[in-house]
Amino acid sequence: MVILFSDRNSNAEKEITDILTFVGADHISDKKICSNKGVFTFISTHKKNELKLNKGIAIFCDNTERFNGQTFPLGLIGICEENNINALEQFQKSNIAIISCGMNSKNTITLSSLGEYTILVSLQRSITDIKGNIVYPTDFKINLKKHYSPFAIMVSVAVLLFYGITPKEF
């Protein structure tokens, strides 16, 4: 299960939703339910929630204070942009692992090359997927059918890798 925390009018949320549903994920929000191939399910939320999950991913799209006090159960992995101080604090308070996305070598996921219709995304350190398999640092060349923000691409790659899916096209 993937939980996407964002402002209601977030462009990042819209782009991540577009990418993840393109690869076959089911999506649930307060406005619609979209069933695809059932590869995994992700939920968009715009308010704090009580989470009772054993495994999954929590993503902060925006640096919003509305989620202050949100707690995350052990077993979840947090994903956010490197400069999202609020998200980093919320994840650290819950003592969960964090995958940071950004443009420097300290981040788990970075971009190493950006073309008009291709992008090279780098996994900088090993992560463990949902099945317990280790995904080792490597680069992923992704063909783009549309233009997406670097953040939406990096988050989507992190989610797909967690579910054992090698990203190839968005």
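1. A good place to start is Thr 110, which sits in strand 8 (residues 109-114). Please keep in mind that this is a predicted model. Thr 110 is buried, with a relative accessible area of 4%.

2. What does the side chain of Thr 110 make a polar contact with? Its partner is the side chain of Gln 124, at 3.0 Å. Gln 124 also appears among the contacts of Thr 110 once neighbours within four places in sequence are set aside. The others on that list are Gly 102, Asn 104, Leu 120, Val 121, Ser 122 and Met 154.

3. Now to the nonpolar interior. The largest nonpolar core has 40 residues, and the members touching the most others are Phe 40, Ile 59, Ile 79, Ile 109, Val 159 and Phe 170. Helix 3 (residues 150-162) gives the most to this core, contributing 11 residues. There is also a second, separate core of 13 residues, including Leu 51, Phe 72, Ala 87 and Phe 91.

4. If you are wondering about the cysteines, a search of the whole structure finds 0 disulfides. Cys 61 is in no disulfide, and the nearest cysteine sulfur, that of Cys 101, lies 10 Å away. Cys 61 counts as buried, at 7% relative accessibility.

5. Why does Cys 101 have no bond to Cys 80? The sulfur of Cys 80 is the closest cysteine sulfur to that of Cys 101, but the distance is 7.6 Å, too far for a bond, because a disulfide needs the two sulfur atoms within 2.5 Å. Cys 101 is buried as well, with a relative accessible area of 0%.

Technical notes:
Residues numbered from 1 in each chain as written. Predicted model: local features only at pLDDT ≥ 70, side-chain atom pairs only at ≥ 80, totals over all residues. Heavy atoms only, no water. Core = buried A, V, L, I, M, F, W, Y, C linked by side-chain atoms within 4.5 Å. Buried < 20%, exposed > 50% of the residue type's maximum accessible area, 1.4 Å probe, protein only. Helix = DSSP H or I, 4+ residues; strand = E, 2+ residues; numbered from the N terminus. Polar contact = N/O pair within 3.5 Å; in protein donor to acceptor, adjacent residues only side chain to side chain. Contact = heavy atoms within 4.5 Å.
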